[in-house]
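Visitor: I have a model open on my screen and would like to learn how to read it. Could you take me through some features?

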Amino acid sequence: MEYRQLGRSGLRVSSLALGTMSFGGTGRFEAVGTVDVGEARRITDVCLDAGVNLIDTADLYSYGAAEEMVGTVIKGRRDRVLISTKVAFATGLGPNDGGLSRHHVIAACEASLRRLQVDHIDIYHAHMWDGHTPLSETMEALDTLVRQGKVRYLGCSNHSAWHFMKALAVSDGLGLERYVSHQIYYSVVAREAEYELIPAALDQGVGLLIWSPLAGGFLTGNYKRDGTRPAEGRGRTRWTDGLVRDPEQAFDIIDVLNNVANDHGTSIAQAALSYVLDAPGVTSVIVGARSAEQVADSLRVANWQLEPAERERLDAASAMDLLYPYSHQAAENADRLSPADLSLLQRHLGQPLAQR
Ligand SMILES: NC(=O)c1ccc[n+]([C@@H]2O[C@H](COP(=O)([O-])OP(=O)(O)OC[C@H]3O[C@@H](n4cnc5c(N)ncnc54)[C@H](OP(=O)(O)O)[C@@H]3O)[C@@H](O)[C@H]2O)c1
């Protein structure tokens, strides 16, 4: 297993992390997974044996049940894992049961600690943007949790690049702990993060933790162009729909993944994971699973890498439009772009900009 520095923090995390959104299965999470404690233990065993040192959960997942299961299965081996959990989505019906107010952030952290049965959280993520709460209030509350020893590092998730930059500016301006990670959706069928989120993270030295790298199980070869879906697991619902930007293009990408997988003797899932694992700015890819067998397959991506020509074929198959202002920047001011800017443009153009 490879360990990577999480942004500019001193923390080293495994390049593959375990996601637990499939643990439990309460309410709407039944569509994501119904992993019970026995299977959760098997999944966790496979991950820890492979060297995974980061487990990602959230207070939202199965409304607390996923955190409780994580607490149960890591008992006696807490020192081997870093726990990431999250706050912001509503956890109750009250007016202050969600968001990023001081009130909710502190109450939610204490509730997560109780469910996880631990005395600290390693990375505490603001799960989404809260445009109704002053950022100074949120960042001060998060900083307080770090000073109290309840949280070690801070991160955010699902922020726009301007949200992310504003949050960093507020914490820097007030001398508070800043985010060291941004947890975002990124997969070979949805590369929107390359426009702003990846360059912003590279520029700011913030690590990227990638969620739903298989587009919720779509990038496995189990979904067919003719509309056939798996009868089991997430295929029973339309869970993956929002994660696939362009279904026609997505099946062309799966054809390329299939060829790559055949050439390496791996699964399509591993080929899709490999694409994000070695993308610029990515610190760790969070793999989700319904069974220990699935996660064992996914973790084998650590044993091989895409050839440059294979990455180029996948880049081409999954290319997005170069929108304004990136199109203008590429055409008009290529000589004034930073390495962070170029991380997007050069991949899209398929050649170094200077030679255009
Ligand atoms: N920050 C956020 O807002 C956010 C949002 C979503 C997720 N997350 C985190 O990211 C983690 C990963 O997300 P995800 O679970 O959606 O990831 P994913 O990797 O896109 O999808 C996982 C699903 O793909 C299928 N699968 C996994 N490995 C497979 C393999 N090797 N072969 C065949 N099928 C396989 C399984 O679904 P089926 O077998 O049921 O088809 C599994 O539940 C979550 O657990 C959570 O921790 C964070």
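Guide: Gladly, and we start with the vocabulary: helices (H or I, at least four residues) and strands (E, at least two) are DSSP runs, numbered from the N terminus. Residues are numbered from 1 along each chain as its sequence is written. This is a predicted model, in which local features need pLDDT of at least 70, side-chain atom pairs count only at pLDDT 80 or more, and totals for chains, interfaces and linings use all residues.

Visitor: Let me begin with the ligand. Which elements each supply at least two residues of the shell around the ligand?

Guide: They are β10 (282-287) and α9 (292-299). The largest share comes from α9, with three residues. A residue belongs near a molecule if its C-beta atom, placed from the backbone, lies within 6 Å of it. In this model 32 residues surround the ligand, and the closest are Gly19, Met21, Gly217, Gly233 and Gly288.

Visitor: How many residues of the shell around the ligand are nonpolar, polar and charged?

Guide: The classes work like this: Ala, Val, Leu, Ile, Met, Phe, Trp, Tyr, Cys and Pro count as nonpolar, Asp, Glu, Lys and Arg as charged, and the others, Gly among them, as polar. The shell here has 10 nonpolar, 18 polar and four charged residues.

Visitor: Back to α9. Which residues of α9 are buried?

Guide: A residue is buried if 20 or more other C-beta atoms lie within 10 Å of its own, exposed if 12 or fewer, and partly exposed in between, with C-beta atoms placed from the backbone. In α9 the buried residues are Gln294, Val295, Ser298 and Leu299. They lie on the same side of α9 because they cover an arc of only 130° around the axis; the arc is that of the directions from the helix axis to the C-beta atoms. Their cover includes β3 (16-19), α1 (37-49), α8 (268-277) and β10.

Visitor: Now the strands. Why is strand β5 largely enclosed by the rest of the structure?

Guide: Strand β5 (residues 82-87) has six of its six residues buried, so the rest of the structure largely encloses it. Both faces are covered, with Leu82, Ser84 and Lys86 buried on one side and Ile83, Thr85 and Val87 on the other.

Visitor: And how do I read its pairing with other strands?

Guide: Two strands pair if DSSP finds at least two bridges between them. Strand β4 (residues 54-56) pairs with β5 in the parallel sense over three bridges, and aspartate 56 stands opposite serine 84 in β5. Strand β6 (residues 121-126) also runs parallel to β5, joined by four bridges; in β6, tyrosine 124 is the bridge partner of threonine 85.

Visitor: What handedness does the unit of β4, helix α2 and β5 have?

Guide: A crossover is right-handed if, with the strands pointing away from the viewer, the path from the first strand over the helix to the second runs clockwise. β4, helix α2 (residues 65-73) and β5 form a right-handed β-α-β unit. Another right-handed β-α-β unit consists of β5, helix α3 (residues 102-116) and β6.

Visitor: Can you show me one residue of a helix in its surroundings?

Guide: Take leucine 116, found in helix α3. Leucine 116 is buried because 24 other C-beta atoms lie within 10 Å. Two residues are in contact if their C-beta atoms, placed from the backbone, lie within 7 Å. Leaving out residues up to four places away in sequence, leucine 116 touches Glu67, Val70, Gly71 and Ile83. Its C-alpha is 5.4 Å from that of glutamate 67, although the two are 49 residues apart in sequence.

Visitor: What about unusual backbone geometry?

Guide: Most residues other than glycine have a negative phi, and most peptide bonds are trans. Serine 62, not a glycine, has a positive phi of about 50°. Serine 62 sits in the loop between β4 and α2 and counts as buried, with 26 C-beta neighbours inside 10 Å. Asparagine 158 also has a positive phi, near 60°; its place is in the loop between β7 and α5.

Visitor: Which residues does a cis peptide bond join?

Guide: Tyrosine 324 and proline 325, with omega about 10°. Proline 325 lies in the loop between α10 (308-317) and α11 (326-332).
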